[in-house]
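Please explain how this structure is put together, beginning with one helix and moving on to the open and enclosed spaces and the cysteines.

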Amino acid sequence: MNILKCPVCGKELQNGQRRLFCENSHSFDTAKEGYVNLLLSGKPGDSKGDNKEMARSRHDFLNKGFYSPLAQAVCDCAEKYSADGDTVLDICCGEGYYTEYLTKRLKRSFFGFDISKNMVRLAAKRKCGADFFVANIASIPLADKSVNFAFHLFAPFHEDEFSRVLTNNGAVITAIPGKNHLYGLKNVLYSKPYYNDEKPPNTSFLQLTDTIRVKSELRLCSPEDINALFRMTPYYYHTPADGMKKLETLETLKTETEFILLIYKKPRL
């Protein structure tokens with residue numbers, strides 16, 4: 001059984017020649033990079049999520065290993081909460097760095113999706129053996145109870161959808177910024193830098209079973225890497241002009257990274 005389902009009618013998608021299709025004749029072409037777009041768009045030409053420049057910037061930054069401590073922590077969780085052959089889903093996968101990291105270390109069936117076609121295109125180009133698709137996190141085109149383990153890093157938390165696609169006793173981990181995450185960067189951008197509140201998402205059904213803190217220090221030695229990090233953060237959208245000017249003058253940056261991984265399990269029913 002293919003766990004992908006038609007975003008139009010919900011029927012199982014079947015593999016055709018460079019396309020996926022359902023019994024109701026809804027068809028979705030496979031791009032040359034190998035991904036499929038299952039996002040129902042309002043009109044032709046709609047572009048959602050990060051643009052090509054931002055996607056490439058994030059890709060280049062992560063490929064340098066700056067966030068490898070987080071990737072290893074996610075991999076450790078996947079190894080603990082899933083088994084060989086299980087289905088693993090990267091929710092809001094971005095350009096695929098974390099999925100590829102796991103595929104090199106674990107024997108699982110990997111899927112990943114993002115709302116940004118630019119990000120998914122880069123993820124598919126990694127050719128890491130995962131199935132990538134474009135989709136909306138609020139309506140994931142996967143069959144009910146089809147995912148054993150999922151990871152979800154810095155994106156909106158949709159408990160209903162996560163619960164629906166997870167198997168009974170399946171697990172999803174989410175990442176939130178720790179108190180000191182990127183404080184050194186914020187100290188440059190803002191006259192009064194602030195600490196993060198470490199507030200977990202509200203849940204009513206999924207059960208929080210474990211918390212893992214991942215801390216390290218970043219030393220960035222080029223304006224390109226500093227700008228790439230900045231563009232990956234929400235600060236990119238609400239930094240005052242004087243903060244931007246200070247950032248543009250930096251040649252090096254030292255800042256903390258602090259991630260909190262929250263492990264949620266779906267109860268056995």
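A residue counts as buried when its relative accessible area is under 20%, and as exposed when that area is over 50%. The model is a predicted one, and the burial classes below are applied to it.

By that cut-off, Asn118, Met119, Val120, Arg121, Leu122, Ala123 and Ala124 of helix α4 are buried. These make up seven of the nine residues of α4, so the helix is largely enclosed by the rest of the structure. What do the buried residues of α4 pack against? Their partners are α1, β6 and β7, the last of these spanning residues 131-134. After α4 comes lysine 127, which has a positive phi, near 50°.

Asparagine 118 shows this enclosure at the level of one residue. It lies in α4, which covers residues 117-125. Its relative accessible area is 12%, and because the limit for burial is 20%, asparagine 118 is classed as buried. The side chain of asparagine 118 makes a polar contact of 3.2 Å with the side chain of arginine 121, a residue of α4 that is also in the buried set. Beyond its neighbours within four places in sequence, asparagine 118 is in contact with Asp50, Asn51, Lys52 and Ala55.

The next topic is open space. The largest pocket holds about 970 Å³. It is lined by 44 residues, and those closest to its centre are Arg58, Leu153, Phe154, Ala155 and Met232. Two or more lining residues come from each of α1 (52-63), β6 (109-114), β8 (147-153), β9 (166-177) and α7 (223-231). Of these elements, β9 gives the largest share, four residues. By class, the lining of the largest pocket has 28 nonpolar, eleven polar and five charged residues.

The second largest pocket holds about 280 Å³. Its lining consists of 17 residues, with Gly34, Tyr35, Ala130, Asp131 and Phe132 closest to the centre. Nine of the lining residues are nonpolar, five are polar and three are charged.

Enclosed space is a separate matter. How many cavities of 30 Å³ or more does a search of the whole structure find? There is one, and the space in it is about 60 Å³. Its lining is made of Arg58, Leu62, Asp90, Ile91, Cys92, Cys93, Gly94, Glu95, Tyr98, Phe151 and Leu153. At least two of these residues come from each of α1, β5 (87-91) and β8. The cavity lining divides into seven nonpolar, one polar and three charged residues. Arg58 and Leu153 belong to this lining, and both are also among the residues closest to the centre of the largest pocket.

The cysteines come last. A disulfide is a covalent bond between the sulfur atoms of two cysteines. A search of the whole structure finds zero disulfides. Why does cysteine 22 form no such bond? Its closest cysteine sulfur is that of cysteine 9, at 3.6 Å. A disulfide requires the two sulfur atoms to be within 2.5 Å, so the sulfur of cysteine 9 is too far away for a bond. Cysteine 22 is buried, with a relative accessible area of 3%, whereas cysteine 221 is exposed, with a relative accessible area of 63%.

Definitions and conventions
Residues numbered from 1 in each chain as written. Predicted model: local features only at pLDDT ≥ 70, side-chain atom pairs only at ≥ 80, totals over all residues. Heavy atoms only, no water. Buried < 20%, exposed > 50% of the residue type's maximum accessible area, 1.4 Å probe, protein only. Polar contact = N/O pair within 3.5 Å; in protein donor to acceptor, adjacent residues only side chain to side chain. Contact = heavy atoms within 4.5 Å. 1 Å grid on protein atoms, 1.4 Å probe; cavity = no way out; pocket = protein on both sides within 12 Å on 5 of 7 lines; lining within 4 Å. Points joined across faces, edges and corners; volume = space filled by probe spheres on them. Nonpolar A, V, L, I, M, F, W, Y, C, P; charged D, E, K, R; others polar.
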